Amino acid sequence: MTRTNTLDYAKRLIARPSITPATGSVFDEMEAMLAPLGFEISRFIAGDALEDAELGGPVENLFAIRHGAPGSRHFAYAGHLDVVPPGQGWQTDPFVPEERGALLYGRGAVDMKGSIAAFVGALDQLPADLGTISMIITGDEEGPARFGTVAIMELMAERGITPDLCLVGEPTSVHRLGDMMKIGRRGSVNMWITVNGMQGHVAYPQNADNPITKLGRILTEIDSLQLDEGTDWFQPSNIEFTDLHVGNPAHNVIPAKAEGRLSIRFNDRHSGESLSAMVKEIVERHGGELKPIISGEPFLTPPGEFSDIVAGAIREVTGVEPELSTSGGTSDARFLAKIMPVVEFGLCNATMHKLDEAVAIDDLDQLSKIFALIVERALRLIRF
């Protein structure tokens with residue numbers, strides 16, 4: 001296979017440590033790659049180090065744009081340079097990219113510096129006058145995502161910039177490159193339940209108020225809910241209890257407080273607000289308090305022109321017919337889908353967030369070629 005410059009780009013990005021929230025040298029490297037390609041680059045910090053530390057700040061973001069002729073279509077690519085902590089037990093330094101056989105090892109090789117490198121490699125293959133191309137690159141996707149892509153979208157809105165289409169390069173492939181692309185995602189809401197009672201001796205329950213009993217009733221009623229049976233494109237919404245806490249050090253004391261936490265991943269038959277209201281009614285009826293935090297709403301880009309272009313490019317390069325899916329967790333596509341059609345496609349996700357994260361070098365080259373076809377056809381409105 002003919003090599004692109006993608007491997008070199010991937011190594012350069014991996015070699016810049018960028019544990020979330022990312023700032024600094026990894027963005028220097030990103031800018032150094034894009035500036036020679038004619039992009040106007042805007043970098044900025046969002047979030048205060050003191051006031052916003054608990055929410056993930058500060059975060060660095062980059063928006064790069066190369067303008068086409070007036071009136072030309074605008075194609076955007078979105079991704080993140082931050083990575084999760086590498087953990088202990090790697091065979092080699094996770095931030096020293098290493099080729100071993102057919103694989104490139106390093107934190108971010110799959111999620112998602114390899115994908116970003118592949119898109120820059122695709123730019124090398126495209127004519128500069130094709131149309132308007134932009135890159136939306138954040139340092140806060142693996143964290144709270146409060147000061148990342150949303151902040152870039154605010155910058156774009158201030159400048160009156162709205163792309164026609166957006167490709168998010170998250171690792172969507174499962175068994176081999178090209179077997180899955182995402183045309184939507186479920187929403188996510190996390191909820192904290194607090195039940196206050198009255199501490200007392202277990203032998204004198206009439207003088208106490210046990211919050212564990214109330215919490216048990218709350219959880220039982222929530223667990224009995226069947227939210228839906230799924231839709232044409234989404235799997236059924238599901239509720240999962242993720243934590244219970246009392247912290248009672250004594251066996252003969254009724255505690256004063258009990259806490260629980262749950263997470264709901266939901267399809268487009270619900271909203272974060274409607275689910276929060278449903279659970280809040282149950283919790284308060286049993287004497288508890290609820291604090292919901294909505295991480296994202298569900299979105300769907302219906303199959304059509306954009307998904308046809310992406311699927312056609314995948315088939316041409318890999319010979320694989322991609323599955324159109326809405327499975328998995330959330331991504332920053334949940335924000336971007338509010339202003340433009342979004343499809344997600346990227347590398348195989350088998351080693352993301354794991355020790356010895358690695359990507360097949362051939363996959364990097366193939367992904368770069370796929371990206372180049374997608375951009376060219378999207379900007380020229382060539383259907384496949």
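Here are four short exercises on a predicted model, each with a worked solution.

Residue numbers start from 1 along each chain as its sequence is written. Because this is a predicted model, local features need pLDDT of at least 70 and side-chain atom pairs count only at pLDDT 80 or more, while totals for chains, interfaces and linings use all residues; side-chain values use heavy atoms, with hydrogens and water left out.

**Exercise 1. Work out the surroundings of Thr20.**

Start with the chain: Thr20 sits in the loop between helix H1 (6-14) and helix H2 (25-34). Helices (H or I, at least four residues) and strands (E, at least two) are DSSP runs, numbered from the N terminus.

Next, is Thr20 buried or exposed? Neither: its relative accessibility is 22%, so Thr20 counts as partly exposed. Buried means under 20% relative accessible area, exposed over 50%, and partly exposed in between, using a 1.4 Å probe and protein chains only.

Now look for neighbours, leaving out residues up to four places away in sequence: Thr20 touches Asp82, Val83, Gly139, Asp140, Glu142 and Gly143. Contact here means heavy atoms within 4.5 Å. With Asp82 there is also a side-chain polar contact of 2.8 Å. That term covers a pair of N or O atoms within 3.5 Å; within protein, one must be able to donate a hydrogen and the other to accept it, and residues adjacent in sequence count only if both atoms are side-chain atoms.

One more distance to check: Gly57 is 37 residues from Thr20 along the chain, and their C-alpha atoms are 9.8 Å apart.

**Exercise 2. Describe how H1 packs on helix H3 (residues 113-124).**

Two numbers do the job: packed helices are described by the angle between their axes and the distance between the axes. Axes are lines fitted to C-alpha atoms, for helices over the stretch in contact, and angles run from 0 to 180 degrees between N-to-C directions.

For H1 and H3, the angle is about 140° and the axes lie 8 Å apart. The pair is therefore oblique: under 35 degrees is roughly parallel, over 145 roughly antiparallel, 65 to 115 roughly perpendicular, and the rest oblique.

The H1–H3 crossing is right-handed. Handedness is left if the near helix is turned anticlockwise from the far one by less than a right angle, and right if clockwise.

Finally, list who meets whom: H1 brings Thr6, Tyr9, Ala10, Leu13 and Ile14, and H3 brings residues including Ile116, Ala117 and Val120.

**Exercise 3. Do likewise for helix H7 (residues 305-318) and helix H9 (residues 361-380).**

The angle is about 140°, with the axes 9 Å apart. H7 and H9 are therefore oblique to each other, and H7 passes H9 in a right-handed crossing. Among the H7 residues at the contact are Phe306, Ile309 and Val310, while H9 residues there include Ile370, Leu373 and Arg377.

**Exercise 4. Find the backbone oddities in the loops.**

Begin with cis peptide bonds. Thr20 to Pro21 is cis, with omega near 0°, and Pro21 lies in the loop between H1 and H2. Asp111 to Met112 is cis too, with omega near -15°; Met112 belongs to the loop between strand S5 (103-105) and H3.

Then which phi values are positive outside glycine? Ala145 has phi near 60°, in the loop between strand S6 (132-138) and helix H4 (149-158), and is buried at 4% relative accessible area. Asp356 has phi of about 55°, between strand S18 (342-344) and strand S19 (358-360), and is buried at 17%.
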